[in-house]
Amino acid sequence: MVATVAWLAILATAIVWAAVSHTGIGWASVTTMALRLWRNPLGRVAYVAIWAFVGWHVFARYTLPR
Amino acid sequence: MTRRPIAVDSLLGFVGICVAAAIYAWWATGVPPFTLRAYIAVGLPALMLLVAALIGPSSGRVEAIPATLPSGASKPQRVFPWVIVLVLALSLEGLGLALGGRSQAVPTLSTVIDHALSRHVVRFILFCAWLAAGWAPLLRLIHTSPTDQKGVD
């Protein structure tokens, strides 16, 4: 239960960070980091690979809890 | 780096793409896991993005992506807040995996997400977010005017 709350807290922090990064505080936004990765072909392939793995793991191989 | 003003036809096209993506997402999240259809449902947009990333119309524009703030300030953007979140997440995931991966006390991220995925609506929302996260950089590059990118960097 505590760890689940910790996961939710991490998720909430990431959402807050994403919002704060658009206020001009100088933090890199998710989009900026993604675009930096897209600067070269290898980075683009890496981005797509990581993204595809997340989708494959979460949406094609999830297990419904009993 | 500025953005083009959005024309009406572009807006309609964007809405059309969003509706099509939502219909696809609803179908894809209704497919049972561990099936060929599930792999195709995830693999199709991934393959399309890979092709678009390598030979797409905007792949030649990425060299113009600014490394500084959008406002033009020369101060580099800090990534340490994201590093903190990443370290916390990896630590918790590592602890969960060290305890066997199915621990009730310290579940892994996959186990937590599995509970959320038991509802089709949640799967649909997460799938839409996944699609958006993947395609956002490419759409952002397409949406950014090539003329505006000249001289950036």
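pLDDT is the predictor's confidence in each residue, on a scale from 0 to 100. This complex is a predicted model, so colour it by that score before selecting anything.

**Confidence**

Start with chain B. Its mean pLDDT is 80, and 75% of the residues score at least 70. Among the elements of chain B, select helix α2, which has the highest mean pLDDT at 93, and then helix α6 (residues 146–149), which has the lowest at 50. Residues 147–153 of chain B fall below 50, and this stretch has 12 contacts in the model beyond near neighbours in sequence. Where pLDDT is low, the predicted coordinates should not be read in detail. For the complex, the predictor gives an ipTM of 0.83 and a pTM of 0.78.

**Chain A**

Hide chain B and show chain A as a cartoon. Chain A has 3 helices and 0 strands, in the order α-α-α along the sequence. The C-alpha trace of chain A spans about 45 × 30 × 15 Å along its principal axes. Its radius of gyration is 16 Å, whereas a compact globule of 66 residues would be near 11 Å. Of the 66 residues in chain A, 21% are buried.

**The side of chain B that touches chain A**

Bring chain B back and select the contact between the chains, made by 36 residues from chain A and 48 residues from chain B. On the chain B side, α2 (36–55), α3 (80–98), α4 (109–116) and α5 (120–143) each supply at least two residues. The largest share comes from α5(B), with 9 residues. Coloured by class, this side of chain B shows 35 nonpolar, 7 polar and 6 charged residues.

**α3(A) against α2(B)**

Select residues 41–60 of chain A, which form helix α3, together with α2(B). The two helices pack at an angle of about 170 degrees, and their axes are 10 Å apart. Because of that angle, α3(A) is roughly antiparallel to α2(B). Show side chains for the contact: from α3(A), the residues include A:Arg44, A:Val48, A:Trp56 and A:Phe59, and from α2(B) they include B:Tyr39, B:Val42, B:Leu49 and B:Leu50. By class, the residues of this contact are 14 nonpolar, 1 polar and 1 charged.

**α2(A) against α5(B)**

Next select residues 30–37 of chain A, helix α2, with α5(B). Their axes are again 10 Å apart, but the packing angle is about 80 degrees. α2(A) and α5(B) are therefore roughly perpendicular to each other. Here A:Thr31, A:Ala34 and A:Leu35 meet B:Ala136, B:Pro137 and B:Arg140. The classes in this contact are 4 nonpolar, 1 polar and 1 charged.

**Two residues of chain B**

Centre on B:Phe34, in the loop between α1 (8–28) and α2 of chain B. Most residues other than glycine have a negative phi. B:Phe34 is not a glycine, yet its phi is positive, about 60 degrees. B:Phe34 counts as exposed because 10 other C-beta atoms lie within 10 Å, and the limit for exposed is 12 or fewer.

Move on to B:Arg37, in helix α2 of chain B. Is B:Arg37 buried, exposed or partly exposed? With 14 other C-beta atoms within 10 Å, B:Arg37 is partly exposed, since partly exposed covers counts between 12 and 20. To finish, draw a distance from B:Arg37 to B:Asp9: the two are 28 residues apart in sequence and 34 Å apart in space, C-alpha to C-alpha.

Methods: Residues are numbered from 1 along each chain as its sequence is written. Chains are lettered from A and ligands numbered from 1 in the order in which they are written. Helices (H or I, at least four residues) and strands (E, at least two) are DSSP runs, numbered from the N terminus. The radius of gyration is taken over C-alpha atoms; the globule rule is 2.2 Å times the number of residues to the power 0.38. Two residues are in contact if their C-beta atoms, placed from the backbone, lie within 7 Å. Ala, Val, Leu, Ile, Met, Phe, Trp, Tyr, Cys and Pro count as nonpolar, Asp, Glu, Lys and Arg as charged, and the others, Gly among them, as polar. Axes are lines fitted to C-alpha atoms, for helices over the stretch in contact, and angles run from 0 to 180 degrees between N-to-C directions. Angles under 35 degrees count as roughly parallel, over 145 as roughly antiparallel, 65 to 115 as roughly perpendicular and the rest as oblique.
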